[in-house]
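Trainee: I'm new to reading protein models. Could we go through one together, with me asking and you answering?

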Amino acid sequence: MNRTTLSLIAGATALAAVTGFAAVSAPDSGSATERTGAAATLPVERTGLLCPRPSISDLAETTYTSFTPVTRGAEGEGTAALRSAAEQSAPDDATGKGEKDGDQAGDGEQEKDGEKGDKDAEDGEGSAKGGKGGTADKPVLQLREPGQPVTADASGAEAPALIGTADGRFASGWTAQQTTEVAAGTGRGLQGVACTAADTQFWFPGASTDDSRTDYVHLTNPDDSAAVVDIELYGKNGALKTTVGEGITVKPRSAEPVLLSTLTDEKQTDVTVHVVVRSGRVGAAVQALDDELGGDWLPASADPSGSLVMPGIPKDATGVRLIAFTPGDSDVDLKVRLASPSGLITPAGNETLHVKGGMTTGFDLGDLTRGEAGSLVLTASDRSVPVVAAVRVLRGKEGKQETAFIPAARPVETRATALDNTAKGTTLSVTSPEGTAEIKVTASAGTKGGTPATKTYTVKSGTTQDIQAPVPAGVKGTYALTVEPQGGATVYASRTLSSTEGGVPFFTVQPLPDDRGMVAVPDASEDLSVLQR
């Protein structure tokens with residue numbers, strides 16, 4: 001085995017760890033690559049995304065969006081397609097033990113819509129009906145060109161979970177999003193979530209088993225073999241006693257919604273959910289629905305750490321509640337700061353918050369932002385004690401309030417993208433807690449036309465800025481916003497979509513983690529002979 005082969009193995013191994021599955025080719029001397037020291041930075045050539053089932057409401061209207069930015073060095077033809085996952089069990093039978101298999105339902109309607117589904121897949125846009133039966137292999141959404149987002153619409157509770165892969169020139173930076181509007185009922189409002197890669201462990205601080213809440217953990221298995229999952233719940237006094245949270249089987253290429261209230265009899269306002277995969281891998285997200293306060297998706301928190309950032313709390317937030325959990329036995333004090341437009345400030349009365357080991361703790365921070373853009377920055381008194389955290393945000397006045405969640409986010413290292421944007425109703429928030437940073441923001445062409453636009457910005461140290469993002473010239477439809485750091489300090493970002501319906505401020509917030517579309521591959525000349533031993 002020569003050194004070039006060893007280098008490629010090392011690069012592919014690192015890439016697989018990032019994306020769940022990946023492929024990389026040897027650097028072509030004529031191709032466009034970036035080099036740092038002895039490493040070449042190459043675009044990912046294969047990746048996957050999973051989108052949870054959008055809603056349990058018959059009133060839901062969902063838009064799926066898919067996009068790949070134009071990436072220097074990305075080559076090959078390739079494809080990027082999202083397909084329906086089989087529905088393993090109905091939401092009411094949400095323990096993972098259900099017998100209702102997706103292959104046994106909906107065949108007639110799927111066959112009737114088959115010809116239209118084929119045409120929609122070829123066009124890149126269309127509608128998603130069901131998720132059960134005959135059309136599982138037909139793309140719900142397929143990209144035509146990098147730099148051009150595409151959408152598909154679905155109505156009601158039958159909108160499916162999606163499983164997708166991208167390769168070739170479509171893989172690097174591939175991003176997908178689903179946005180759902182629910183007009184009335186439990187969880188009414190705007191619900192949005194970015195589709196994610198499969199993994200083996202997830203933390204969700206901010207869930208609840210209160211009578212007013214209907215919270216689901218959505219599990220999606222992209223593989224051809226079953227996954228086995230444990231769900232652990234932690235409340236204010238520690239681990240909650242669960243009945244069927246262990247050994248939940250998620251069938252191959254299927255989706256399974258698990259209702260938290262079926263796992264425990266204990267009623268808790270603040271619960272941390274820990275999803276651990278025993279066998280295989282899954283995508284996971286929590287859907288948090290309230291009878292009175294609307295609802296939204298709760299994405300997974302960043303990995304447990306002694307330093308956390310929750311970017312982009314809306315400036316008109318009328319209520320902010322922080323939920324924090326430390327997985328170990330050690331207590332920890334959290335220093336709380338708000339990155340405002342003018343710099344880091346300490347909220348009066350909430351300078352330091354105490355979190356007990358192994359217990360979920362909630363803190364009401366009130367109208368924290370007071371009319372200005374803000375991001376919450378948490379620092380553990382002992383950095384060796386890891387913490388996960390999220391904030392629940394309320395907008396609107398009593399009786400007409402809506403909810404969204406912002407978990408601790410991963411930084412934007414190279415690039416991140418938010419989809420389904422419009423000229424009105426989109427807010428892009430960027431924060432740089434520890435130093436001044438430069439960023440470039442690109443607005444793609446619209447789903448139905450338009451010319452991309454790009455602007456650069458400076459984010460001062462310790463501040464949060466609501467960016468006046470560029471809008472594509474002559475835009476038709478929705479468009480993507482791609483954030484790329486240009487140097488300086490580490491940045492975090494989020495995007496808020498908002499509208500007003502019947503006097504209720506509908507909104508949803510998505511953090512923008514790095515898209516992990518590039519990987520450093522050791523140069524062929526680097527001495528890796530140690531691997532031959």
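Mentor: Sure! One definition before we start: two strands pair if DSSP finds at least two bridges between them. Also keep in mind that this is a predicted model.

Trainee: Good to know. How many helices and strands does the protein have?

Mentor: The protein has 533 residues, and 55% of them are buried. Among contacts between residues at least 6 apart in sequence, 81% join residues at least 24 apart. As for secondary structure, the count comes to three helices and 39 strands.

Trainee: Let's pick one sheet, the open one with four strands. Which strands sit at its edges?

Mentor: The order in that open sheet is β31-β36-β33-β34, with antiparallel pairing. An edge strand pairs on one side only, and that fits β31 (416–421) and β34 (453–459). From one strand to the next, the twist averages 25 degrees. So, going by the pairing, the edge strands are β31 and β34.

Trainee: Which residue in β36 is the bridge partner of Asn-421?

Mentor: β31 and β36 (residues 479–488) run antiparallel and are joined by four bridges. Ala-416 of β31 stands opposite Val-483 in β36. For Asn-421, the bridge partner in β36 is Tyr-479.

Trainee: And how many residues of β31 are buried?

Mentor: Here you need a cut-off: buried means under 20% relative accessible area. β31 is mostly covered, and its buried residues number six of six.

Trainee: Now a single residue. Why does Ser-301 count as buried?

Mentor: Ser-301 is in the loop between β21 (294–298) and β22 (307–313). Leaving aside neighbours within four places in sequence, Ser-301 is in contact with Trp-203, Pro-205, Val-388, Ala-389, Pro-407 and Ala-408. Ser-301 counts as buried because its relative accessibility is 8%, and the cut-off is under 20%.

Trainee: What about empty space inside? How many cavities of 30 Å³ or more turn up?

Mentor: Rolling a probe the size of a water molecule over the atoms shows where empty space is left. When the whole structure is searched for cavities of 30 Å³ or more, the result is three.

Trainee: Take the second largest cavity. How many of its lining residues are charged?

Mentor: That second largest cavity holds about 50 Å³ of space. Its lining is made up of Gly-206, Arg-213, Thr-269, Asp-270, Ile-323, Arg-392 and Phe-405. Sorted by type, two are nonpolar, two are polar, and the charged ones number three.

Definitions and conventions. Residues numbered from 1 in each chain as written. Predicted model: local features only at pLDDT ≥ 70, side-chain atom pairs only at ≥ 80, totals over all residues. Heavy atoms only, no water. 1 Å grid on protein atoms, 1.4 Å probe; cavity = no way out; pocket = protein on both sides within 12 Å on 5 of 7 lines; lining within 4 Å. Points joined across faces, edges and corners; volume = space filled by probe spheres on them. Nonpolar A, V, L, I, M, F, W, Y, C, P; charged D, E, K, R; others polar. Helix = DSSP H or I, 4+ residues; strand = E, 2+ residues; numbered from the N terminus. Buried < 20%, exposed > 50% of the residue type's maximum accessible area, 1.4 Å probe, protein only. Contact = heavy atoms within 4.5 Å. Axes fitted to C-alpha atoms, helices over the stretch in contact; angles between N-to-C directions.
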